[in-house]
Amino acid sequence: FSFLENDMAKLEYDFPFTKDSTDICVDDILKIAEIIKNSNADGYVITHGTDTLTYSAAALSFLLSDTSKPIILTGSMLPLGAEGTDAVDNLKNALNTACNPENAGVYIMMNSKLIHGAKAVKLSTNSIDSFSSADNSYGGFKKSQPIGDKLDGKIQVEYLTVFTKEIKKTDADAILLCAYGSGNVPLSLKIPDVPCFLVSQCQTGSVNSAIYQSGKTATDKGIIPLNMTFSAALMKLAIAFSQGNNAQIHAISGDCCGECL
């Protein structure tokens, strides 16, 4: 680790678990959060596979939103031993970023980009430059009180298509709709009497349900638009509804740690 720019930095490491990121579950994310909460390190680097990287980063952004330390997640699109791998550069950049207390917050470091943990999107299955910020802004983590410490909320995810006529409720605490464009839903869509939120199916850009009549239709139906990425919305809802307090419903759309686009 001679590529550390801070000669005074002391590097310690641990392996809480080793698994393909496809197999990462909420218990693993909570374990990472708990390790960080109980540690006295000055900064953290979490090596993580790219399949579920945005979910873990978003969840940690809300679970650890009061952090005063850099928490940097990184991975690689190509394995360490592959020709042209991005693993070494990503790890080097993540470690050096974590050494600087000015980078306090939860971030993803990929391809020299420091991406807010709750704004990151994965745009490609194979490009080295696969991760980006949903609003093309970088940095900007805001310290705040965490909205909860659990991921127990049952969130029903529905992806709208031209076949969708009705959303049928299961035993979910809330429904998250992946709507069209800037937050549009069909006029004829039937939804159950349960807290319902929406994000856009688009990977980048903001949600504004006031632009089109179909967006106004959503708010008329009581659907609450969330101007954030799908990963951030899902994790934020799962944490918020773990508290069992429906009074928080309308507060969920507000900005917690800088996640709003």
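1. In this predicted model, strand β3 (residues 105–110) is paired with β4 in the antiparallel sense, and four bridges connect the two. One position can be located on both strands: I108 has I115 in β4 as its bridge partner.

2. The pairing of β3 with β4 belongs to a wider arrangement. An open sheet is formed by four strands, in the order β1-β2-β3-β4, and its pairing is mixed. The edges are taken by β1 (44–47) and β4 (113–116); each has a single partner strand, so one side of each is left without a neighbour in the sheet. On average, neighbouring strands of this sheet are turned by 30° against each other, direction ignored.

3. At the β1 edge the pairing is of the other kind. In general, strands of a sheet pair through backbone hydrogen bonds, in either a parallel or an antiparallel manner. Here β1 and β2 run parallel and are joined by four bridges. Within that pair, V45 has I72 in β2 as its bridge partner.

4. Which residues of β1 lie on its covered face, and which on its uncovered one? Y44 and I46 make up the covered face, whereas V45 and T47 make up the uncovered one. As a general rule, side chains in a regular strand alternate between the two faces of the sheet.

5. A helix also rests against these strands. Helix α3 (residues 87–98) packs on the sheet and touches β1, β2 (70–74), β3 and β4. The direction of α3 makes about 175° with that of β2.

6. The remaining points concern a pair of helices. Two packed helices are described, in general, by the angle between their axes and the distance between the axes. For helix α1 (residues 26–37) and helix α2 (residues 53–63), the axes come within 10 Å and cross at roughly 45°. The two helices are therefore oblique to each other, and the crossing of α1 and α2 is right-handed.

7. The contact between these helices can be given residue by residue. From α1, the participants are I29, L30, I32, A33 and K37; from α2, they are Y55, S56, A59, L60 and L63. Eight of the residues in the contact of α1 with α2 are nonpolar, one is polar and one is charged.

8. Is α2 mostly covered or uncovered? Helix α2 is mostly covered, with 10 of its 11 residues buried. Among the buried residues of α2 are S56, A59, L60 and L63, each of which also takes part in the contact with α1. The buried residues of α2 further include L53, T54, A57, A58, S61 and F62.

Notes: Residues are numbered from 1 along each chain as its sequence is written. This is a predicted model: local features need pLDDT of at least 70, side-chain atom pairs count only at pLDDT 80 or more; totals for chains, interfaces and linings use all residues. Side-chain values use heavy atoms; hydrogens and water are left out. Axes are lines fitted to C-alpha atoms, for helices over the stretch in contact, and angles run from 0 to 180 degrees between N-to-C directions. Angles under 35 degrees count as roughly parallel, over 145 as roughly antiparallel, 65 to 115 as roughly perpendicular and the rest as oblique. A crossing is left-handed if the near helix is turned anticlockwise from the far one by less than a right angle, and right-handed if clockwise. Contact means heavy atoms within 4.5 Å. Ala, Val, Leu, Ile, Met, Phe, Trp, Tyr, Cys and Pro count as nonpolar, Asp, Glu, Lys and Arg as charged, and the others, Gly among them, as polar. Two strands pair if DSSP finds at least two bridges between them. Buried means under 20% relative accessible area, exposed over 50%, partly exposed in between (1.4 Å probe, protein chains only).
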